[in-house]
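The following paragraphs lead through one structure, beginning at a metal site and continuing to a sheet.

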Amino acid sequence: MRDFDRMRAEAKSNLRSKGRWLRTALGVVVALAGALSVSAHVGSPDVFFEGDAGPYHLFVTVRVPQVIPGVAEIDVRSASPDVRSIQFVPMRLSGAGSNLPPTPDLAQRSPQDPQSFAGSLWLMEFGALQVRILAEGSQGKGVLSVPVPAFARRTLPMQPLLGGLLLGLTTFLALAMVFIAGAAVREGNLNPGEQPTPARVRHARTVMVTTAIVVLAILFLGDRWWQAEAKNHQRDINFFKSPIAETRLENGNRLILTAKGQDPHWSKEVHLEDVIPDHGHLMHLFLIRLPGMEQMWHLHPQRIEGGQFVAELPSMTEGKYQVFADVVDKTGFPWTLVGTVDLPEVKGKALQGDDSTWAGAPLGGTSDDSTSAKLSNGGSMVWQGVSGTLRADVPMDFRFEVDDKDGKPVENLEPYMGMAGHAEFVSSDMSVFAHVHPAGSISMAALALTRGETGMGSMSMPMPEHFPPQVSFPYGFPKPGQYRIFVQVRTAGQVETAAFDTRVE
Ligand SMILES: [Cu+2]
């Protein structure tokens, strides 16, 4: 962003708790963007990403601000020591403005770790954005685009001191206005030493009363304007809250899904009719048995008429299930529909295609922290490099090794929906859900959009027949708590799911 914009934005956000009016200036631009997209994941707004900027392999963390416009904190770590400088610039993910980058900002190199770079960036717009990272070093230049879903999560409260100061100044100005008007009428054109006549004094009183009424009216209208802006801002916040997954069961095992926004405008702007495929499917549906997460299904419902989705359920026991359904809207904004469903005993069909399931011990059992998990083929998965207490808000590389039944690393790790693995990070209270891939927490469909791919979600990169036995996911827990991590891979044509429980401080 320009310095001028930044100063303007700083001045504004200092004076006002909402900052929405700046957005109003960008309203036309935002309106052009069409559907404002949402929180990709549930309770996990920061972006963790791993990818190549030309010859440089980078790990990127984007901490999305709580309010928009707001400052995003960006950390970039290079895997090699040959990067000299990192610059970054925010842009729209798709549509107008997605190929007109403003002047980039330079990141600061860390004095302790010369491979780390950090900086901050003003995000001025809601919706599906991208941060373009420009790396330069001894091997030349490289560019990497990171999709960033930008949305406000709260309204910053006015600081009491600032509020008191502004209230005092307002009162002073309002009273001064009344007295200045009175004095002007009473004494404005008197000669030196002349006394105002009683008629002038009476007239001045009338003018003061009138001025007071006008000033109060202005203050009243100002308050109304402020309240209206606050309401609009709250509406924007609600707009970006996870939509509600509404479900009903038909014919014994057909689960029909629709979405309802937490703001009525959501359904007008985001249509399930035009969500785009994300790693091969229009929707990734996760059903997790409550309260202990002792069973999990990862299904891929079909879209039917009216923007509804239908999942043909497998056989499931009676009970309450958490619903998380990932979709990506046409602007590249990822939404997770959230809800619960009470199911009777379901007599369903066998799993097919990319659908998968897992069953095991409930969370909170004896083994609260696990680093090795049994697989259904007799092998196991080992969580590597984890030691000590895990902390919230720390970006990590979650690395897992897939072993065969003799404990040897497998040689036949196959692509599962185009990737080496899929991981779901779920908190015990269901307030955090993140579906993460080796490239990070971004949606793969959004990533395809940054590359100008319109095949939307289909993997255009050459796919190896087999992956190395270790698979890693860049991610950071958003808050302390008890978590279960599901890691899904494919070997010998079969999807294997491992679950790891961990406590985060
Ligand atoms: Cu996935």
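**Metal site and sheet**

H435 is buried, with a relative accessible area of 4%; buried means under 20%, exposed over 50% and partly exposed in between, for a 1.4 Å probe and protein chains only. H437 likewise counts as buried, at 2% relative accessibility. This is a predicted model, in which local features need pLDDT of at least 70 and side-chain atom pairs count only at pLDDT 80 or more, while totals for chains, interfaces and linings use all residues. Residues are numbered from 1 along each chain as its sequence is written, and side-chain values use heavy atoms, with hydrogens and water left out.

Both histidines serve the copper ion, which is coordinated by H279 (NE2), H422 (ND1), H435 (NE2) and H437 (NE2) at 2.0 to 2.3 Å. Donors are N, O and S atoms within 2.8 Å of the metal (3.2 Å for Na, K and Ca); water is not among the atoms, so sites may look incomplete. Along the chain, the donors follow the spacing H-x142-H-x12-H-x1-H. The 4 donor atoms subtend angles of 92 to 140°, which makes the arrangement irregular, since four donors count as tetrahedral if all angles lie between 85 and 135 degrees, and as square planar if opposite donors are over 155 degrees apart and all others between 65 and 115.

The sheet is open, with 4 strands in the order β5-β4-β8-β9 and antiparallel pairing. β5 and β9 (140–150) stand at the edges with a single partner strand each, so one side of each lacks a neighbour in the sheet. Strands are DSSP runs (E, at least two residues), numbered from the N terminus, and two strands pair if DSSP finds at least two bridges between them. Strand β4 (residues 83–92) has 8 of its 10 residues buried, so it is largely enclosed by the rest of the structure. F88 of this strand stands opposite D105 in β5 and opposite I133 in β8.

Note on methods
Tetrahedral: all angles 85-135°; square planar, octahedral: opposite > 155°, others 65-115°.
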